[in-house]
Protein chains: 2
Amino acid sequence: MNKNAKVSEKTLKKVQDAMDQLGYRPNAIAQSLASNRSNSVGILVSELHGPFYGSMLSGIEAELRGSQKHAIIAAGHSEEETEKEGIEFLISRRCDALILHVEAVSDEYLVDLVKNEVPIVLINRFIPAIADNCISLNNELGGYLAAKAILEQGHKEVAYISGPNWKMDASDRLKGHKKALQEFNVTYNPKLTYEGDYQEVGGSDGLEYLLNSKQPFTAVICANDEMASGAMTFAREHRISIPKELSIIGFDNIILAQYIYPKLTTIDYPIKQMGQMAARWILKNTFKQTDLEVKNVFEPKLITRDSILAH
Amino acid sequence: MNKNAKVSEKTLKKVQDAMDQLGYRPNAIAQSLASNRSNSVGILVSELHGPFYGSMLSGIEAELRGSQKHAIIAAGHSEEETEKEGIEFLISRRCDALILHVEAVSDEYLVDLVKNEVPIVLINRFIPAIADNCISLNNELGGYLAAKAILEQGHKEVAYISGPNWKMDASDRLKGHKKALQEFNVTYNPKLTYEGDYQEVGGSDGLEYLLNSKQPFTAVICANDEMASGAMTFAREHRISIPKELSIIGFDNIILAQYIYPKLTTIDYPIKQMGQMAARWILKNTFKQTDLEVKNVFEPKLITRDSILAH
DNA sequence: TTGTAAGCGTTATCAA
DNA sequence: TTGATAACGCTTACAA
């Protein structure tokens, strides 16, 4: 039945006929117990809602189901304890492998985890010691591209609304940002930088802070789309016309970016493909589908829309 | 260990000490095989991405995990075949129960399904024959509330952009809409109705169609937020000021509604709570947590923001 | 209150 | 190529 052993055509048919007649359905649980494979992969994300994780789950589920594996989900809410509990929960469920999108847990914890029995893939996080287990975006390049897009339009005074500095992706994006400034001979002005929270409120608070700083600027680069949206709202409420008086660029290219007005120019984060790739990593490494190609780091790219104007 | 049998304190302690010392972890799969319970519930949604399903999953996961059950996910993509396959898949995975958000599959199919072995809850769908298995929103009331909000502001000529007529929720919303018109002595004008697709494009196409119809109107009611957003974009591109020249109201209260400008007045769809309730239904009926209260139909309510003005 | 043993429905091994 | 049988790690019923 499982087409592994060598069976004659005749017996095969006999077996299949019998299956049909009896309405036989293999018991996946008994199979799991006997084979020591649950055929499930556990997925831990920060939040189940939100534009980002949905796309990721979507990519993972499609890839997994194509191979008859199932996805078990859990939320970590960006809190260390909850994330650890979630991981524990999934392991106790006997998942054959885990896909983790965790933020609060430490690098060391993850490095230890990888040494364990169950295979692990990390999404949106790069830890050199376990580089092969990481599927990540080149955030530095993304930060660079965003700044370049602004600088190429002639802006010389550009503000930056960053993500939380402790988050790796936020600091990488800022690093790329600075690199681009240097390349264009624009000196980086710390007074024109605000540390946001990756939420809408960080964007509005950020723009307010920047405006109050009395430093002139003609463009603001936001480390993600939600903050860009917040900044846009704040600008509108204060009668600053975008992009005429102020250019704005975001990061992530979440669906929202096309809905707001003006349509937001941003950096594309191919999260769905990365989810798919994480699933593929597992298919290859855990389920031995050796023919699959796996790519560990993805490149962001510029999506040009309407929120930037030449200066 | 499972604290069901009567065991003396002493033995209990002895057992737990032994567990700690040996680092014993029960094997969930063996438990499942022996007890004929997988402790999993399968969840089928149309799409994993999108603002709607994420909230729903979020509600379900939280409720389930509190009881040590896990959620297995699958996507149905609003296509009959895929939905059926998804259900098959989840059943073959031996889920103890299923939560379904399906659109393409017929009522009869679902009624038959409910007669089967595995317990089923339907979200966002009401089928009288299996009313107890349905967790749904009073869409008619929602349609009524939306229209009422507009009519109370003095609008007499109101256009309507509907969802696909074959979808139950769309026709219910329209029914409520008509009821409100009647109550306010406004005659329903079929020429001011457009059948959209619940997507952004349906909203822009819809507004274009309505404008071309040469029938005057001062407000447009959209059967969901995405279409409202599309209509708003179209209006802006054609220099129609919202809400000054045209009032718009949406439905669903997805996160987007707060992000767009002007902030969208809409009808709240408590999808997260409904997801939670679906999970609770299962906890109660399948896992015998009899103390839980279950509510089958939810009431929508008006969320007032900035897209409506008195006429 | 404690101990014992027969399943649960497969996979995998080995002999025929 | 086929058939028989011992795991897999639990739950549960029953005996002690």
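**Close-up views of a predicted protein–DNA model**

Counting over all chains, the structure holds six aromatic pairs. For such a pair, the rings of Phe, Tyr and Trp (its six-membered ring) must have centres within 6.5 Å; planes under 30 degrees apart count as stacked, over 60 as edge-to-face and the rest as tilted. This is a predicted model, where local features need pLDDT of at least 70 and side-chain atom pairs count only at pLDDT 80 or more, while totals for chains, interfaces and linings use all residues. Residues are numbered from 1 along each chain as its sequence is written, chains are lettered from A and ligands numbered from 1 in the order in which they are written, and side-chain values use heavy atoms, with hydrogens and water left out.

**View 1. B:Phe52 and B:Tyr269 meet edge-to-face.** Their ring centres sit 4.9 Å apart, with 85 degrees between the planes. This pair links distant parts of the chain, 217 residues apart: B:Phe52 belongs to helix H3 (residues 51–65) of chain B, and B:Tyr269 to the loop between strand S10 (266–268) and helix H11 (271–285) of chain B. Helices here are DSSP runs (H or I, at least four residues), as are strands (E, at least two), numbered from the N terminus. Are these two residues buried or exposed? B:Phe52 and B:Tyr269 are both buried, where buried means under 20% relative accessible area, exposed over 50% and partly exposed in between (1.4 Å probe, protein chains only).

**View 2. B:Tyr194 and B:Tyr209 make a tilted pair.** The centres are 5.2 Å apart and the planes 45 degrees. B:Tyr194 comes from strand S7 (residues 193–195) of chain B and B:Tyr209 from helix H8 (residues 200–212) of chain B, 15 residues apart. B:Tyr209 counts as partly exposed because its relative accessibility is 40%.

**View 3. Over in chain A, ring pairs join A:Phe52, A:Tyr53 and A:Tyr269 into a cluster.** Chain A also has lysines over ring faces: A:Lys69 lies over A:Phe287, 4.3 Å from the ring centre, and A:Lys179 lies over A:Tyr144, 5.0 Å from the ring centre. A charge sits over a ring if NZ of Lys or CZ of Arg is within 6 Å of the ring centre and within 35 degrees of the ring normal.

**View 4. DNA strand C has 15 residues around it.** Which of them come nearest? They are A:Asn2, A:Tyr24, A:Ala34, B:Ser8 and B:Thr11; a residue is near a molecule or strand if one of its heavy atoms lies within 4 Å of it. Of the atoms of DNA strand C that come within 4 Å of the protein, sugar and phosphate account for 80%. Phosphate oxygens of this strand lie 2.8 Å from a polar side-chain atom of A:Tyr24, 3.0 Å from a backbone N or O atom of A:Asn27 and 3.5 Å from a backbone N or O atom of A:Arg25. H2 of chain A and H2 of chain B are the elements giving two or more residues to this surface, and H2(A) gives the most, with four residues. By class, the surface near DNA strand C has seven nonpolar, six polar and two charged residues (Ala, Val, Leu, Ile, Met, Phe, Trp, Tyr, Cys and Pro count as nonpolar, Asp, Glu, Lys and Arg as charged, and the others, Gly among them, as polar).

**View 5. Around DNA strand D there are 14 residues.** A:Thr11, B:Asn2, B:Tyr24, B:Gln31 and B:Ala34 come nearest. Sugar and phosphate make up 83% of the atoms of DNA strand D that come within 4 Å of the protein. Side-chain N or O atoms lie 2.9 Å from a phosphate oxygen for B:Tyr24 and 3.2 Å for B:Gln31, whereas B:Asn27 puts a polar backbone atom 3.1 Å from a phosphate oxygen. Helix H2 (28–35) of chain A and helix H2 (28–35) of chain B each give two or more residues to this surface. The largest share, four residues, comes from H2(B). The residues split into seven nonpolar, six polar and one charged.

**View 6. A:Leu90 lies in helix H4 (residues 80–92) of chain A.** Why does A:Leu90 count as buried? Because its relative accessibility is 0%. The C-alpha atoms of A:Leu90 and A:Ile73, 17 residues apart along the chain, are 8.2 Å apart.

Terms used: Polar contact = N/O pair within 3.5 Å; in protein donor to acceptor, adjacent residues only side chain to side chain.
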